[in-house]
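Please open the structure in your viewer and keep the sequence beside it, since this tour moves from one selection to the next. Each stop says what to select and then what is there.

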Amino acid sequence: MLRCCDPHLHPKIFNFLENEIKTYCLTMGHGNLEAQYIDLHNLPSFIVLCIEKGMVFDGKDILYKFYNESFSVYHYITMEKFQEVFPEEYSIYHKTYSEKLKKEIKNILLAEIEILDGLCMEYELDMLVDNIPKILHHFGLRYTYQFGEKVASLCGRKPFLIEKKSMAKQDNSIYKNEKEQSLGIVKEDAENWLFGPNELELDDEQILKFITRSNLPTHLKKELKETLTNNHSHYVHDYLQTQESITLLLTALQDLEQLPKQESSLCMILIQHIFQQNRNLKHTSLVGFCAETYQLFMYREEPVIRASELLSSDIYNHYLKNDPALCEVVFDNLILQDTQWVRFLHIPIYTFCYAFVTSIEFRNDEGSEESLRQSWNEVWGNNFDKLKRFINSDKGSESSIYYTDYGTYYFKNYDWEGRLYRMYEELDPFQFNRFYVGPKIEDYLDRLGYENEENKVINYLSLCKYQFFYGNSGAPDSSIASISDELSMFEHLDITKDWAPYPKRISKKRLKELKENKDICTEYNENCSVQVYKIKDINLLKELGAYEESLKVIQELEKVHARFSTGDYSSIL
C-alpha cells in the first residue's frame, strides 16, 4: 500500500500509514518473537521507503530501539540499510557497537538456532544454518569445524557446503588455525574411543592410485576412474570411498572383464570372494548371518553397536560361537572391532543378504496379497515427511535430505533406505512391483486426481509444499520440498530420475511484484521465499519453473503405471 501511496494524492491514507508505522516503531513488535523475526528483517528497507515518501523519523531513536530489539544475525546485517537515511547516527552506532557485535556474533547465531527451533520455524532454521559460513565472512570471521560441531549439537547438522569432500580437506588451513587443528586431533581420538574404529576414507587422488596400481584390465580401470570423476550416481561409486571397500572391490573384480550391470550381482561376486577364503564355509551360513545382522543396525544412523550386544546376541550364538571358520571370515572381512564397539563393513553385502532372504520368505508366504504388501510396509514403516533441498551453483547441482527433529523415521540413513529398495527391485521385480511398487504408484496418482494436467501439477506441488528461494536480483537460490515415503521410493527406484521443480531466474521487477503478495512471499535479509504450493495461476507456475518439471514427474509415474497395468512388472531400473 505504501509503495502505491502518493502523499499529495492520498494525504489521508498517507497520514494513516505514517501513524501506524510510527506506532509500531515505539515497540518494534516487542513480545512476539515469531512476528518480530520477519518484521525486523524488513523494517530497515521499509523505513528507507517511508523516508523517500516524505516521512520523518528520529534516526538515533530508531537505531537505539532496533538494536535493542534485534536478536537475529539478519537483523544486525539489515541495520546497515539505515546508513542510507541516517548516515551520522549510523556512523556513531557503528563505532560504538561493531566490535562488540563481531565478538558476540557466534553466540548470537547459536541463540538464534535455539529460538527458531523452539518456534518450529524449520525452513528459516535450515536457511540460517546453511548461511552460517557466509554470515561469519560478512563479519570478518572464519567458519571453523569446531563451530560447526556446536551448531550440530543444537540442530543435528552442520552447514551444507557445496564443495566436494576432497576439496574441503585440501582447504582445511583456511578454516582452522593451529590450536583448532590440535583440538580436532584430540576430538577425533575421543570420537574413536567413544564410538569405536572407523573406516579410512580416501580422497579422489588416493582412490585413483588404488585403481592404477590394481591388477584389473586397463579398460576396467578406465571405467572405474570415469565413474569416480563423472558418474557419482553409479552404484559402484560408493564402493570406492574407503580403503576397506575399495580393497575388497578391486580384489574381487580381478577376473572380470566388465562391471556387473546390477549392484546385486556385484554383491554376489563379493560374497563369493569372501567365501573362497575358507572352503569350510557354507554359503547359507554367511548369507544368513549377514541377513540377520542387518536388522541390528538397519534403522540406526551408523552401522555401530556395542561389542557386548553382538557377543550376547542370538545371532552370534547361532552363527559364530560354534563355527570358527565363519567367525574368522566375518571378523576379518565384515567387522571392525575394539574393546567397546563393533562397526559393520560393506553395508551393501548386508543389505543384499537381507533382501535376498526376505524375498524368498515373502515369496513362500501363503498369505494374501494384502499380507505380502504389509510385510514390505513393515520394513519401511510409515514415516514423517523428510525435507529435500536443491541448490544449483557453478559447481553443479546438489541435493540434501533433512530429517526433522520431531518426526518419526524407520530408516535414518537415506542411502541405506534407497539401496534396500533397489535390491528388492533387482532380486524379485515381478513380485515387488506387482504387490508393492505398483499399488504405491496407483495410490499416489489417485491423490493427484485424474482431471487435466494443470490440476495434477497444482496438487503435486501442494502435496510437496514446494518453496522457491530467490536473491534480491531475481537469481534462483534454492528450492525446498517435503518428501513423502512414496516420493522417496520413486526417487530411489529412479522413476522420477531426481527431477524436481527448480526456480527460474526472474527479473527484479517481477520479484518486486511477488514480494507485494504476502500470501505467497516472505522476505529475508538478502533472500525471499515463494510458497509455490499456494499458487494456482498456471502461467505464474510456468514462469517460475515449477510447472514443467512437476509434469515430468507425474508423466513418468503414469508411464510406469500404464506398463504395470498391462501385466509387465519387469524391472524399472
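Begin by selecting Ile506, which in this predicted model is buried, because its relative accessible area is 5%, and the cut-off for buried is under 20%. Ile506 sits in the loop between helix 24 (485-492) and helix 25 (508-515). If you now show the surroundings of Ile506, leaving out residues up to four places away in sequence, you will find that Ile506 touches Tyr470, Ser473, Gly474, Leu511, Leu514, Glu543 and Leu544. Add Gly545 to the selection as well: Gly545 and Ile506 are 39 residues apart in sequence, and their C-alpha atoms are 9.8 Å apart in space.

Next, select helix 20 (residues 369-380), whose twelve residues should span 16 Å at 1.5 Å a residue, which agrees with the 17 Å between its end C-alpha atoms. Within helix 20, colour the buried residues, which are Leu372, Ser375, Trp376, Val379 and Trp380. These residues lie on the same side of helix 20, because they cover an arc of only 135° around the axis. Their packing partners are helix 19 (347-364), helix 21 (414-427) and helix 22 (429-448). Just after helix 20 comes Gly381, which has a positive phi, near 70°.

Finally, select Trp380 alone, and ask which residues it contacts beyond its neighbours within four places in sequence. They are Tyr410, Phe411, Glu417, Leu420, Tyr421, Tyr424, Phe432 and Tyr436. Trp380 also belongs to the largest nonpolar core, of 117 residues, where Trp380, Leu420, Tyr424, Tyr460 and Tyr466 have the most contacts inside the core. Apart from that core lies another, of 52 residues, including Ile38, Ile47, Phe139 and Phe469.

Notes
Residues numbered from 1 in each chain as written. Predicted model: local features only at pLDDT ≥ 70, side-chain atom pairs only at ≥ 80, totals over all residues. Heavy atoms only, no water. Helix = DSSP H or I, 4+ residues; strand = E, 2+ residues; numbered from the N terminus. Expected span 1.5 Å × (residues − 1). Buried < 20%, exposed > 50% of the residue type's maximum accessible area, 1.4 Å probe, protein only. Arc of directions from axis to C-beta. Contact = heavy atoms within 4.5 Å. Core = buried A, V, L, I, M, F, W, Y, C linked by side-chain atoms within 4.5 Å.
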